[in-house]
Structure formats: C-alpha cells, structure tokens
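Subject: Structure for you to look through

Dear colleague,

I am handing over the structure that we talked about, and I would be glad if you could open it beside this message and follow along.

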Amino acid sequence: MNYRHAYHAGNFADVLKHSVLFALIEAFKAKDTPFALIDTHAGSGCYALDSEEAGKTGEYREGIARLLFPDLQRNGQGSLPPLLRNWLDTIIALPGNEHGLKLYPGSPLQASLAMRATDSAQLCELHPEEAARLRELFHHDHRVHVHQRDGYEALKALLPPKEKRGLVLIDPPYEAQDDEFRLIEAALKTALQRWPTGVYAIWYPIKLRSQVQPFLRWLQRCGVRRALQAELLVHPDDSSLRLNGSGMAILNAPWNLDQVLREPLQAMARLLSQERAASWRLDWLVQETETPASQVPHVRPLSPSRRPR
C-alpha cells in the first residue's frame, strides 16, 4: 500500500511491460470478436512526468524518453521497429502531450486507447486514492469498469469474462518480492481452473536471479501448454539493491508472439542501455509439442540470459 507508481512511470520496466501489452492487444484485435482485459493492479491510470514524484527519480528519462527522442541515425542504428513506433504513437497522441512528453499513460489508459468499442476492461485497484483517480479518468467510458478491491480475490468473480476470450494483466508492486510471487501462484492456480484458455501476462522485477527462478519453474509446472518469457536487463542480475531488469511471463501466449517481440526487444536493449550494454531474453518456458494428439507440453530448462549485440 506504500508503493506509488508515479515515481517510476515510464521507466525501462514500463517500456517492456507496456510494449508487450500493446502487442497482446493487437493480437486479440486480429479477430473481430470482442475481448476482455482484466487488470489486477491498475494504479491511477495516468502520470504527470513533470510532477514532484516523477522529478525526484527522473526514471522516465532512462526509459520512454530514450525511445521517443533517440539519435537513431548515429552509428547506423536506423529507425524503430513498427511495433514500438505504433505503440509510441499512441502515447504521443495522448491529449496533454501535444507540446512534448508531459503525461505517461499507465496500463489501463494504454489498453483503453488500443481497445475497440466492443471490447471491455475490468480494472482492480485496492488503494482508495488511486481507485478514485481511476474512476475519474474513465467515468465517461462505458467499456471500462473500476473495482476498488484486491485484484487477486477479484479474479474469482471476474473469470471467465462474458467475452470468453481475453487477457489478465498481473502487475503488483512487489513490496515483499518472495511473498508476492507466492500470492501470484495461488491466484493463477485458481484463475486457470476457472478460465484455462485465458491469456495471463505477469510482470515481474529482477534484482537477484535466484529470487525469480522458483517462480519461473512454477510456471513451467502450472499446466499451461504455452508460456513465453520476455526479459530486459539494464544491469547484471546479481544485486538486491536496485531494479536490474524486469520480465513478462505470458501464459497461453499467441503462437507468433515470440516473433513479434524479437525485434522490439533487440531495439529496447540497444536504446535503453545504461553504464553497460543491456541484455534480453526471449524463450518459451513451456511449448506445446508438434504432435497435438499427445497433448503433452514440452518443458525446456531455464537457459542463461541471451546477450545479442
């Protein structure tokens, strides 16, 4: 309850999380039928980058600002991949950003900007002030419903959605990282029983690699037939004193999502490097075998981080 995303909005972790979210929504939009988004930790929805909170950390300068105003032609780096360019266009077009980057939309607002009129969103936020801001932001949008309640508990009531297809975004503050992983595991166990065909996207922080591995191994054993892992590291994953990187685990991921994300991840690693070159990882934690009749998922062991240059 002490966490405030206003201090961290638009940082390198948001770039990964929100570009993956954008890719997932675009995948759902490939079909005409409506889809539902359920966000378990929605926050307040939009953040002022000239606020006192954002000014104290300036994290957005090492994140979203680098993609919006990069010197792409230097050293022959070229232009941004289409996915990142299209995602950034939605942020630039946000009212309030006409004269430069002033506002950064959180997951709920970014999703609403990408959704169609027939799609819907269920937003859960436990903190009273954040939930009130969220309601004010979406009071005019009939597609969006705000719930001031624990997002994990809400999944029991919200799943499966009436649309029968869609996405659950789980993006908690991880104030106690190990405990949060256990809460996510419990919530996913129940959610998958209620809605085994839903897509689940879980954002996770990376400080020490040893803290993340048990959770990723649990995902390999949770019973889904496809689970994709996408990570971006701007520091080595060997210190608990700072956020070294973050990842997105996508359960029941669309078939070609790995191909969609590969080039954007390479570009993020290139543009978001800090005192050393950033690294990225894109791999299937669980991938269905080529013989559908067997219905047996192929579980790959976790591999070392890939560091393309």
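Below I go through what was found, beginning with a strand and its partners and then moving on to helices, loops and a few single residues.

Please keep in mind throughout that this is a predicted model.

**A buried strand and its partners**

A good place to begin is strand E9, which spans residues 245-251. Seven of its seven residues are buried, so E9 is largely enclosed by the rest of the structure. In a regular strand the side chains alternate between the two faces of the sheet. In E9 you can follow two sets of residues: Gly245, Gly247, Ala249 and Leu251 point one way, while Ser246, Met248 and Ile250 point the other way, and all of them are buried.

Which strands pair with E9? One is E7, residues 199-206, which runs antiparallel to E9 and is joined to it by seven bridges; within this pairing, Ala201 has Ile250 of E9 as its bridge partner. Another is E8, residues 227-233, which also pairs with E9 in the antiparallel sense over seven bridges, and here Leu232 has Ser246 of E9 as its bridge partner.

Gly245 also leads us to strand E10, residues 279-288, in which Ser279 is found. Although Ser279 and Gly245 are 34 residues apart along the chain, their C-alpha atoms are separated by 9.1 Å. Ser279 has a relative accessible area of 2%, and because anything under 20% counts as buried, Ser279 is buried. Glu288, which lies in E10 as well, also counts as buried, at 16% relative accessibility. Leaving aside its neighbours within four places in sequence, Glu288 is in contact with Arg225, Arg226 and Trp255.

**Helices and how they pack**

Helix H1, residues 12-28, has 17 residues and reaches 25 Å from its first C-alpha to its last, which is close to the 24 Å expected at 1.5 Å a residue. H1 is mostly covered, with 15 of its 17 residues buried. Helix H9 has 13 residues and reaches 19 Å between its first and last C-alpha, close to the expected 18 Å. Among the buried residues of H9 are Val212, Phe215, Leu216, Trp218 and Leu219. Just after H9, Gly223 takes a positive phi of about 105°.

Two packed helices are described by the angle between their axes and the distance between the axes. For H8 (residues 177-194) and H9 (residues 209-221), the angle is about 10° and the axes are 10 Å apart. Angles under 35 degrees count as roughly parallel, and H8 and H9 are therefore roughly parallel to each other. On the H8 side the contact includes Phe181, Ile184 and Leu188, and on the H9 side it includes Val212, Phe215 and Trp218. Sorted by class, this contact has eight nonpolar, two polar and four charged residues.

H8 packs with H7 (residues 151-158) too, at an angle of about 0° and with the axes 10 Å apart, and H7 and H8 are therefore roughly parallel to each other. Here Tyr152, Leu155 and Lys156 in H7 meet residues of H8 including Leu183, Ile184 and Ala187. By class, the contact of H7 with H8 has six nonpolar, one polar and three charged residues.

**Backbone details in the loops**

Most residues other than glycine have a negative phi, and most peptide bonds are trans. With that in mind, where does the model show a cis peptide bond? It joins Leu159 and Pro160, with omega of about -10°, and Pro160 lies in the loop between H7 and strand E6.

Lys164 lies in the loop between H7 and E6 and has a positive phi, near 70°. Tyr174, in the loop between E6 and H8, has a positive phi as well, near 55°. Are these two residues buried or exposed? Lys164 is exposed, with a relative accessible area of 56%, whereas Tyr174 is buried, at 7%.

**One more buried residue**

Finally, please look at Pro105, which is found in strand E3, residues 103-105, and which is buried, with a relative accessible area of 0%. Its C-alpha and that of Leu94, 11 residues apart along the chain, are separated by 8.2 Å. Leaving aside neighbours within four places in sequence, Pro105 is in contact with His18, Gly45, Cys46, Ile91, Leu94 and Gln110.

With best wishes

Terms used:
Residues numbered from 1 in each chain as written. Predicted model: local features only at pLDDT ≥ 70, side-chain atom pairs only at ≥ 80, totals over all residues. Heavy atoms only, no water. Helix = DSSP H or I, 4+ residues; strand = E, 2+ residues; numbered from the N terminus. Expected span 1.5 Å × (residues − 1). Buried < 20%, exposed > 50% of the residue type's maximum accessible area, 1.4 Å probe, protein only. Pairing = 2+ DSSP bridges. Axes fitted to C-alpha atoms, helices over the stretch in contact; angles between N-to-C directions. Parallel < 35°, antiparallel > 145°, perpendicular 65-115°, else oblique. Contact = heavy atoms within 4.5 Å. Nonpolar A, V, L, I, M, F, W, Y, C, P; charged D, E, K, R; others polar.
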